[in-house]
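Work through the following exercises with the sequence and the coordinates at hand. Each task is followed by a solution in steps.

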Amino acid sequence: MAHDPRDLDDAFLAFWRERHIATLTTARPDGSPHVVPVGVTYQPETGTARVITSRTSRKARNVAAAGPQGLRVAVCQVDRARWSTLEGVAVLRDEPEQVADAERRYTERYREPRANPDRVVIEIAVDRVLGRP
């Protein structure tokens with residue numbers, strides 16, 4: 001079930017504030033899917049989802065390999081019959097202020113992340129929202 005990313009109802013937004021582990025799907029260089037569990041935050045005002053990770057992770061390398069135009073990705077979370085997928089174009093961000101902002105958002109939804117000097121942010125410009133929250 002598709003939803004307008006600019007007009008999500010309260011139940012949908014609440015589902016993306018609850019603590020759930022999600023999966024992130026990226027494409028490997030050979031085109032095959034790489035699916036991993038992640039913590040993700042969603043900022044509906046800007047349509048931005050964020051995943052923090054190490055710059056050496058496969059997911060970060062997949063996004064980086066796409067270059068500045070980014071890579072189409074999906075993040076999905078499930079809780080019994082409730083589910084939601086956010087799709088969009090991801091870019092890798094390593095600016096200290098962007099990393100700090102993503103860490104703050106992660107702390108609000110999950111817990112304080114462990115220290116990681118190689119941390120980067122996979123920033124997703126969400127343009128398609130699916131689900132049944």
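The exercises below treat one helix, one strand and its partners, the nonpolar core, an aromatic pair and two single residues.

The model is predicted: local features require pLDDT of at least 70 and side-chain atom pairs pLDDT 80 or more, while totals for chains, interfaces and linings use all residues. Residues are numbered from 1 along each chain as its sequence is written, and side-chain values use heavy atoms, without hydrogens and water.

**Exercise 1. Determine the span of helix H3 and the side on which its buried residues lie.**

Step 1. Helices (H or I, at least four residues) and strands (E, at least two) are DSSP runs, numbered from the N terminus. H3 comprises residues 96–109, 14 residues in total.

Step 2. The expected span is 1.5 Å times one less than the number of residues. From first to last C-alpha, H3 reaches 20 Å, close to the expected 20 Å.

Step 3. Buried denotes under 20% relative accessible area, exposed over 50%, and partly exposed the range in between (1.4 Å probe, protein chains only). In H3 the buried residues are Val99, Asp101, Ala102, Arg105, Tyr106 and Arg109. They occupy an arc of only 160° around the axis (taken from the directions from the axis to the C-beta atoms), and therefore lie on the same side of H3. An α-helix has 3.6 residues a turn, so residues three or four places apart point the same way.

Step 4. Pro96, Glu97 and Glu108 are exposed, on the face of H3 turned away from the buried side.

**Exercise 2. Identify the strands that pair with E8.**

Step 1. Strand E8 covers residues 119–132, and 10 of its 14 residues are buried.

Step 2. Two strands pair if DSSP finds at least two bridges between them. E1 (residues 2–3) pairs with E8 in the antiparallel sense over 2 bridges, with His3 opposite Val129.

Step 3. E5 is antiparallel to E8 over 7 bridges, and Arg50 has Glu123 as its bridge partner.

Step 4. E7 and E8 form an antiparallel pair over 11 bridges; here Arg93 stands opposite Val121.

**Exercise 3. Which residues of the largest nonpolar core touch the most other members?**

Step 1. Such a core is a set of buried Ala, Val, Leu, Ile, Met, Phe, Trp, Tyr and Cys residues joined through side-chain atoms within 4.5 Å.

Step 2. Among its 29 residues, the answer is Val40, Tyr42, Val75, Leu86 and Ile124. E8 gives the largest share of this core, 5 residues.

Step 3. Contact means heavy atoms within 4.5 Å. Leaving aside residues up to four places away in sequence, the contacts of Val75 include Trp16, Val40, Val51, Leu86 and Ile124.

**Exercise 4. Classify the ring pair of Tyr106 and Tyr110.**

Step 1. Rings of Phe, Tyr and Trp (its six-membered ring) pair if their centres lie within 6.5 Å; planes under 30 degrees apart are stacked, over 60 edge-to-face and the rest tilted. The count by this rule is 2 aromatic pairs.

Step 2. The centres of the Tyr106 and Tyr110 rings are 4.9 Å apart and the planes lie at 35°, so this pair is tilted.

Step 3. Tyr106 is buried at 15% relative accessibility, and Tyr110 is buried at 10%.

**Exercise 5. Are Ser54 and Thr56 buried or exposed?**

Step 1. Ser54, in strand E5, has a relative accessible area of 19% and is therefore buried.

Step 2. Thr56 lies in the loop between E5 and helix H2 (58–65); at 55% relative accessibility, Thr56 is exposed.
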